[in-house]
Amino acid sequence: MNSMQGWKKKPFWIRLFHWEYWSFNTVYVPIYPVFIFLCLRARSFFFYAASNPKIKNGGFLGESKKDIYALVPAAWQPRTIFFSAGSHPDSVLDKLLVAGFRFPLIGKPDIGAKGRGVKKLEDAADVLSYVSSATLDFHVQEFISFENEAGIFYYRFPGQEKGKISGIVHKEFLKVKGNGNQNIRDLLQASPRAILQLARLEITEPEMLNHVPAEGEVFTVVPYGNHARGAMFLDDSGSINEKLEHVMDDICRQIPMFYFGRMDIRYQSRELLEQGKSFFILEVNGAGSEPTHIYDPRHSLFFAWKEIIRHWIILFKISRANHKLGYPYLTVKEGVEMFRKDKLDSKKLEEMKI
């Protein structure tokens with residue numbers, strides 16, 4: 001490898017020349033004045049808490065997945081059991097087995113973001129290890145094997161019968177194709193997106209990296225649809241149609257007072273999804289949701305700014321409409337406490353090293 005080829009595989013240069021990998025603040029700081037303007041119009045820096053009145057903080061930060069889980073019809077969710085941080089590993093495993101759970105499973109923190117603390121649990125040893133490392137309340141969920149995953153952004157103005165899908169992101173998991181000679185570590189070196197995951201994988205999955213996939217075998221390295229964990233996000237908003245919007249209306253109207261956010265959905269096929277069949281809702285994200293179709297590598301940073309601002313304006317209008325109906329914004333004290341707690345939770349998630 002000559003020096004010209006080598007620098008292109010350095011994480012620093014990969015991030016520098018691909019804005020989708022820039023830090024949150026680097027992307028958002030230039031457009032913060034727009035958000036501040038909306039706060040001034042609302043006369044509150046925490047107006048977004050009124051967007052989804054039944055979700056803590058409107059789903060902006062610090063919302064509990066357990067609380068949201070209770071709002072969504074069980075038929076649309078993977079089977080899930082919630083546990084407190086500090087639970088005894090053997091007790092957790094026993095409860096899962098008695099309830100009839102079968103491997104693989106997924107472990108997730110009750111409060112989290114960007115895939116932090118999420119891990120696929122292949123066997124009992126993985127469960128014991130995950131529980132021992134959990135620094136926050138967590139839940140264990142059945143693993144949904146459907147190959148398709150999408151993030152569908154939906155909004156509906158209070159008082160209106162029908163909502164809109166404002167964006168769809170199709171998620172391609174981080175995978176490699178084997179040649180029978182190279183291990184996964186070497187195969188990942190061919191992809192800039194994968195190179196950025198190597199340091200984490202060396203800590204969390206060193207044995208997997210040594211595995212040599214057979215010729216032609218497609219191996220899923222990271223089975224989560226998280227951009228921060230290596231998934232490629234592709235803008236599929238062009239596929240929005242009336243059938244899918246009807247399905248999303250049906251789903252979201254059954255979640256009490258849910259007006260704005262993104263649902264991460266695994267589904268068998270698009271045809272069945274448009275019929276309201278063969279899908280599971282993995283996550284419901286509220287006011288803090290990003291329109292993640294912006295992270296399609298084909299999109300420019302200017303496109304991303306335009307979409308973020310468009311969704312902020314929608315969030316502002318929905319929150320203001322709910323506020324006029326009597327739903328409060330957060331007070332300054334409550335808003336400051338929300339950010340303080342989020343900082344503490346983020347620190348605990350980093351301690352999990354997953």
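This report walks through a predicted protein model, from its overall build to its sheets and a few buried residues.

## Reading the model

Because this is a predicted model, local features need pLDDT of at least 70 and side-chain atom pairs count only at pLDDT 80 or more, while totals for chains, interfaces and linings use all residues. Residues are numbered from 1 along each chain as its sequence is written, and side-chain values use heavy atoms, with hydrogens and water left out.

## The whole protein

Let's begin with the big picture. The protein has 14 helices and 11 strands; helices (H or I, at least four residues) and strands (E, at least two) are DSSP runs, numbered from the N terminus. Along the principal axes, the C-alpha atoms fill a box of roughly 65 × 55 × 45 Å. The radius of gyration of the protein is 21 Å, which agrees with the value near 20 Å for a compact globule of 354 residues. That radius is taken over C-alpha atoms, and the globule rule is 2.2 Å times the number of residues to the power 0.38.

How much of the protein is buried? Of its 354 residues, 49% count as buried, where buried means under 20% relative accessible area, exposed over 50%, and partly exposed in between (1.4 Å probe, protein chains only). The accessible surface comes to about 17,500 Å², and 56% of that belongs to carbon and sulfur atoms. Such areas come from the Shrake-Rupley method with a 1.4 Å probe; for residues, only the protein chains shown count as cover. Among contacts with a separation of 6 or more, 71% are between residues 24 or more positions apart; contact means heavy atoms within 4.5 Å.

## The five-stranded sheet

Now to the strands. One open sheet has 5 strands in the order β9-β6-β5-β10-β11, with antiparallel pairing. Its edge strands are β9 (232-235) and β11 (279-285), each of which pairs on one side only. From one strand to the next, the twist averages 25°. Two strands pair if DSSP finds at least two bridges between them. Strand β6 (residues 164-172) and β9 are joined in the antiparallel sense over 4 bridges, and K171 stands opposite F233 in β9.

A helix crosses this set of strands. Helix α13 (residues 301-324) lies across β5 (148-155), β6, β9 and β10 (260-267), and runs at about 115° to β10. Axes are lines fitted to C-alpha atoms, for helices over the stretch in contact, and angles run from 0 to 180 degrees between N-to-C directions.

## The four-stranded sheet

Another open sheet has 4 strands in the order β1-β4-β2-β3, and the pairing is antiparallel. At the edges stand β1 (80-83) and β3 (119-121); each has a single partner strand, so one side of each lacks a neighbour in the sheet. Neighbouring strands here are turned by 25° against each other on average, direction ignored. Strand β2 (residues 105-109) is linked to β3 by 3 bridges, and the bridge partner of G107 in β3 is K119.

## A strand with two faces

In a regular strand the side chains alternate between the two faces of the sheet. Strand β7 (residues 174-177) shows this alternation: L174 and V176 point to one face and are buried, while K175 and K177 point to the other and are not. The antiparallel strands β7 and β8 are joined by 4 bridges, and F219 in β8 is the bridge partner of V176.

## Three buried residues

L188, in helix α8 (residues 184-188), has a relative accessible area of 1%, so L188 is buried. Beyond its neighbours within four places in sequence, L188 is in contact with several residues, including L174, V176, A194 and V221. G230 sits in the loop between β8 (218-222) and β9 and is buried too, with a relative accessible area of 2%. Leaving aside neighbours within four places in sequence, G230 is in contact with L174, R193 and Q197.

Where is S51? It lies in the loop between α4 (32-42) and α5 (65-69). S51 is buried, with a relative accessible area of 0%. A polar atom of the S51 side chain lies 2.7 Å from the backbone oxygen of Y48. Not counting residues up to four places away in sequence, S51 touches G58, M257, Y259, A287, L315, I318, S319 and N322.

Definitions and conventions. Polar contact = N/O pair within 3.5 Å; in protein donor to acceptor, adjacent residues only side chain to side chain.
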